[in-house]
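Me: I have a model open and want to learn to read it feature by feature. Can we go through it together?

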Amino acid sequence: MKPQTEFMEDESRLGSGKSDGSDKSDASDMSDKLGAHDIATFRKKHFPEVGDELWNDWRWQLRNRFRDMEGLSRVFRLSQAERAAVARRAGPSLPVGITPYYASLIPPNDPDDQLRRTMVPRLQEFDIQPWERTDPLGEEAHSPLPGLVHTYPHKVLFLATDFCATYCRYCTRSRMVGAGEFLPDKHLWEQALRYIREHTEIRDVLLSGGDPLILADDRLEWLLSRLRTIPHVEIIRIGSKLPAVLPQRVTPALARLLGAYAPLWLSLHFTHPRELTPESALACGRLADAGIPLMSQTVLLAGVNDDSETLADLFQGLLRLRVKPYYLHQCDPVAGSSHFKTSVQHGLRLLSGLHGRLTGYAIPHYMIDAPGGGGKVPVSPNHVVGRDGNDLLLSNYRGEVYRYPDPDLT
Ligand code: SF4
């Protein structure tokens with residue numbers, strides 16, 4: 001298990017993180033407008049001495065993450081099975097990390113709670129199925145340099161750090177996140193930048209990790225400004241779960257910084273409608289107001305979000321936050337994730353059920369990442385059910401069949 005001081009030690013390497021004095025979140029005001037959740041009860045019970053200023057300080061949130069048996073036991077009544085799973089974790093396995101903010105969204109007594117399943121280790125993590133892989137997408141085989149993955153010719157995945165505020169138990173990169181191998185190291189970054197500069201076919205750079213928004217503003221700016229000097233890099237994208245698990249990180253200064261490097265897109269990682277809090281609304285609002293297009297990616301997870309009500313609430317709620325639900329991912333076959341797996345058939349049924357129920361903007365593409373580096377493959381419910389002469393037979397969202405005239409015009 002990583003020591004509790006892991007982030008604090010690294011914080012010094014991540015830059016000064018100087019505030020511009022306007023970083024104090026006004027989430028409590030938003031809370032009044034959007035409806036308070038039970039964060040107040042949690043704070044009163046676990047952090048009665050901590051005032052709003054500290055609670056809304058993202059660095060305080062990181063320093064006070066729950067990272068081990070002792071920490072988790074403070075806020076959750078752990079089941080025997082959870083205790084056994086936390087105790088069994090050892091060596092380089094995926095760390096545990098839950099911010100106080102995110103823990104406040106999770107009721108203390110239910111081991112089957114949807115958010116808790118994604119964050120607290122379970123014994124099934126140790127059951128490795130024959131089809132599972134530590135690197136299911138074959139990223140290492142497509143990695144020309146440490147921290148860079150070049151699968152498609154026109155884009156690269158730039159792993160800027162391996163830190164995350166929280167560690168999702170289904171993470172595709174569980175082999176490396178939190179392991180300290182991809183520290184925000186200028187030497188590695190310069191190598192990667194040189195590679196991108198030399199490969200003029202690269203038009204799109206996706207910063208990921210780990211979570212790049214965990215970097216201090218000055219580090220992030222260093223990287224973004226260098227990328228922007230490369231003429232053929234047209235688009236920068238950043239993948240982040242922080243607006244869901246550490247929305248305090250989205251300070252006005254961060255939003256301004258990101259907004260200055262347009263065209264820059266954010267791929268946010270939301271899993272469940274309970275993550276759509278006044279705090280996450282404030283974070284997304286700041287980013288949207290800074291002119292940053294916001295897309296979301298959701299992993300379909302058994303026992304977490306694999307029912308139509310949950311997905312509909314999540315996707316519709318994201319639109320309200322000005323976030324376009326972009327991808328619904330079938331869970332990658334990463335080692336120890338079989339308890340999160342749903343069948344593709346079930347996923348197709350769920351997606352089918354959303355048509356006609358939600359505005360089209362709220363419906364994401366359902367994607368499978370082809371194992372071994374085959375790239376993303378869209379899968380979609382088949383609404384073309386046959387042909388009768390010149391008519392195509394189409395099934396609508398209610399399962400009713402309609403004819404569409406489609407004569408052969410060739
Ligand atoms: S935030 Fe992303 S990279 Fe980090 S553990 Fe979760 S899924 Fe993995």
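Me: How many bridges join S11 to S12, and do they run parallel or antiparallel?

Reply: Strands of a sheet pair through backbone hydrogen bonds, either parallel or antiparallel. Here 5 bridges join S11 to S12, and the two strands run antiparallel. One caution before we go on: this is a predicted model.

Me: What do S11 and S12 form, and how many residues lie between them?

Reply: They form a hairpin, with 5 residues between the strands. Look at glycine 399 in the turn: its phi is positive, about 85°.

Me: Which strand lies on the other side of S11?

Reply: S10. The order is S10-S11-S12, an open sheet of 3 strands with antiparallel pairing. Strand S10 (384-388) and strand S12 (401-405) are the edges, each pairing on one side only. From one strand to the next, the twist averages 30°. Between S10 and strand S11 (residues 391-395) there are 4 bridges.

Me: Which residue of S11 is the bridge partner of arginine 387?

Reply: Leucine 392. Now follow leucine 392 to the other neighbour: in S12 it stands opposite tyrosine 404.

Me: How many of the residues of S12 are buried?

Reply: The count is 0 among its 5 residues, so S12 is hardly covered, taking buried to mean 20 or more other C-beta atoms within 10 Å. For the chain, 40% of the 410 residues count as buried.

Me: What else does the chain contain?

Reply: Its secondary structure comes to 16 helices and 12 strands. Of these strands, 9 form another open sheet, in the order S1-S2-S3-S4-S5-S6-S7-S8-S9, with mixed pairing. The edges there are strand S1 (148-149) and strand S9 (375-378), each paired on one side only.

Me: In what sense do S5 and S6 pair?

Reply: Strand S5 (residues 264-269) and S6 pair in the parallel sense, over 4 bridges. Find histidine 269: glutamine 297 in S6 stands opposite.

Me: Which residues surround the ligand?

Reply: Histidine 269 is one of them. The others are Cys164, Tyr167, Cys168, Cys171, Arg173, Val177, Gly209, Gly210, Asp211 and Lys241. By class, the shell divides into 5 nonpolar, 3 polar and 3 charged residues.

Me: What kind of peptide bond joins glycine 209 and glycine 210?

Reply: Read omega. The bond is cis, with omega about 15°. Glycine 210 sits in the loop between strand S3 (204-208) and H11. A cis bond also runs from alanine 262 to proline 263, where omega is near 0°. Proline 263 belongs to the loop between helix H13 (252-259) and S5.

Me: Now a helix. Which residues of H16 are buried?

Reply: In helix H16 (residues 344-354) they are Gly347, Leu350, Leu351 and Leu354. Seen down the helix axis, these buried residues fall within an arc of 95°, so they line one face of H16.

Me: What covers the buried residues of H16?

Reply: The cover includes strand S6 (294-300), helix H15 (308-320), strand S7 (324-330) and strand S8 (365-370). After H16 comes glycine 356, with a positive phi near 85°.

Me: Which residue other than glycine has a positive phi?

Reply: Arginine 322 has one, near 70°. Its place is the loop between H15 and S7. Arginine 322 counts as partly exposed because it has 15 C-beta neighbours inside 10 Å.

Me: Where is isoleucine 230?

Reply: In the loop between helix H11 (217-228) and strand S4 (235-240). Isoleucine 230 has 17 other C-beta atoms within 10 Å, so it is partly exposed.

Me: What is isoleucine 230 in contact with, leaving aside its neighbours within four places in sequence?

Reply: Ile196 and Arg197. Leucine 193 is worth checking too: it is 37 residues from isoleucine 230 in sequence and 8.6 Å away in space, C-alpha to C-alpha. Now take the chain as a whole. Among contacts between residues at least 6 apart in sequence, 79% join residues at least 24 apart.

Definitions and conventions
Residues numbered from 1 in each chain as written. Predicted model: local features only at pLDDT ≥ 70, side-chain atom pairs only at ≥ 80, totals over all residues. Pairing = 2+ DSSP bridges. Axes fitted to C-alpha atoms, helices over the stretch in contact; angles between N-to-C directions. Near = placed C-beta within 6 Å. Nonpolar A, V, L, I, M, F, W, Y, C, P; charged D, E, K, R; others polar. Buried ≥ 20, exposed ≤ 12 C-beta atoms within 10 Å, placed from the backbone. Contact = placed C-beta atoms within 7 Å. Arc of directions from axis to C-beta.
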